[in-house]
Amino acid sequence: MMQPYPIRLATLSLPAKITLTAFLALVGTGYLVAAAKINVWHSEADGVPGMSADDLRATYHGLETTVTAQIREALPAPMLREIRPGGSMRKHLLKGGDPAERALTAWLEQGAKAETFDKTGLVEAGDPSPKQIIAQRCTECHHADGGDAQETPYAANATAEPQYELVAKLALPAFGPATDKTEVRRIEPVSARKLLHVTHAHILSIPVFTLAVTVLFLMTGLGQGFKLVVAPLPMIAVCVDIGCWWLARPFEPAIYGIMAAGALFGAGLGLQILCVLGSLWFGKRPA
Ligand code: HEC
């Protein structure tokens, strides 16, 4: 009878082993980076720092939450987050010097109101208006006509005036302007459009590297029973994960499917990578 997997990892040439080891290092690191990014992105979805089941609930199903003053502070408008120290857009704003920095910050902290969008001297006399600051520092990229950041436009084109309705999308605080009031709010889940985009980005790429790792895993000399359990694990986890993103919209408990799938995917992929590395470098060469 023919061997089911005539190519054994241990018998591969040195260049093949080095290449595969580098590939696995990249996949493993890529996975860790992705996991870290998910933690950063989703951990404040429920308004409370730190990753919890409520973050998944808020992201995929929507969540009723009690909004306190601390939560308002922890979840500023995206624009405020990006222009504060550490924010990625701060460098563009600082080209306008102190007046631009304090005026735009103050406008955003006061709730980004339409009435004051075109008001100069918000903090000190002579400070430019939020509209002027955005026109000078931001619309160059944030415009709808082919700008670097045309996904989040503030004006129709690079020289057009910024429009409040466009700016407001990222300038309004998630839970309204700062106040000490405590109230119950509903956090809406990500839009179907955004979820479709994320699904599209993941559904074609993740199975490809998962398959590559799993095929290598199947080429190890490990027992068939072990392979039967471990080999399909990551791929099935991907199906469950992506399926549950959508299922969680109407059916809240599906968020536990997302959690379980995430854990199984990580564990399965990690185990497969370790087995492949072990077989590559320390496996028995069949006689
Ligand atoms: C040189 C081009 C450029 C300039 C100037 C610029 N931005 Fe951006 N901005 C970008 C790009 C590109 C992105 C998308 C990057 C990313 O988040 O992946 C972005 C993202 C953002 C986001 C995040 C959008 C989101 O989806 O959360 C905000 C908010 C933002 N910019 C605000 C500003 C503000 C306010 C200014 C002016 C002070 C500004 N930007 C100036 C290029 C620019």
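# Two domains, two cores and a ligand shell

In the protein chain, 61% of the contacts between residues at least 6 apart in sequence join residues at least 24 apart. Two residues are in contact here if their C-beta atoms, placed from the backbone, lie within 7 Å. The model is predicted: local features need pLDDT of at least 70, side-chain atom pairs count only at pLDDT 80 or more, and totals for chains, interfaces and linings use all residues. Residue numbers start from 1 along each chain as its sequence is written.

**Overall form.** The protein chain has 13 helices and two strands. Both are DSSP runs numbered from the N terminus: helices are H or I with at least four residues, strands are E with at least two. The C-alpha trace spans about 85 × 40 × 30 Å along its principal axes. The radius of gyration is 25 Å, whereas a compact globule of 287 residues would have one near 19 Å. That radius is taken over C-alpha atoms, and the globule rule is 2.2 Å times the number of residues to the power 0.38. Of the 287 residues, 26% are buried. Buried means 20 or more other C-beta atoms within 10 Å of the residue's own, exposed means 12 or fewer, and partly exposed lies in between; the C-beta atoms are placed from the backbone.

**Domains.** The domain assignment gives domain 1 (9–56 + 189–282) and domain 2 (76–173). Such bounds come from an automatic or database assignment. The domain centres, taken over C-alpha atoms, are separated by 39 Å.

**Cores.** A nonpolar core is a set of buried Ala, Val, Leu, Ile, Met, Phe, Trp, Tyr and Cys residues joined through C-beta atoms within 7 Å. The largest has 26 residues, and Ala 248, Ile 258 and Val 276 have the most contacts inside it. H1 (14–42), H2 (53–60), H10 (206–218), H12 (233–247) and H13 (254–282) each supply at least two of its residues. H13 gives the most to this core, 10 residues. Setting aside residues up to four places away in sequence, Val 276 touches Leu 9, Leu 24, Val 213, Leu 216, Phe 217 and Thr 220. A second, separate core has 17 residues, including Ile 83, Leu 93, Trp 107 and Tyr 154.

**Ligand shell.** The ligand is surrounded by 16 residues, the closest being Met 89, Leu 93, Cys 138, Cys 141 and Ala 149. A residue counts as near if its C-beta atom, placed from the backbone, lies within 6 Å. H4 (78–83) and H5 (90–94) each supply at least two shell residues. The largest share, four residues, comes from H4. The shell has nine nonpolar, three polar and four charged residues. Nonpolar covers Ala, Val, Leu, Ile, Met, Phe, Trp, Tyr, Cys and Pro; charged covers Asp, Glu, Lys and Arg; the others, Gly among them, are polar.

**Loop residues.** Three loop positions are listed below.

| Residue | Loop between | Other C-beta atoms within 10 Å | Class |
|---|---|---|---|
| Lys 119 | H6 (97–109) and H7 (130–137) | 14 atoms | partly exposed |
| Ala 112 | H6 and H7 | 22 atoms | buried |
| Glu 151 | H7 and H8 (164–171) | 8 atoms | exposed |

Lys 119 and Pro 130 are 11 residues apart in sequence, and their C-alpha atoms are 7.2 Å apart. Glu 151 and Cys 141 are 10 residues apart in sequence and 10.0 Å apart, C-alpha to C-alpha. Ala 112 is not a glycine, yet has a positive phi of about 50°. Most residues other than glycine have a negative phi.
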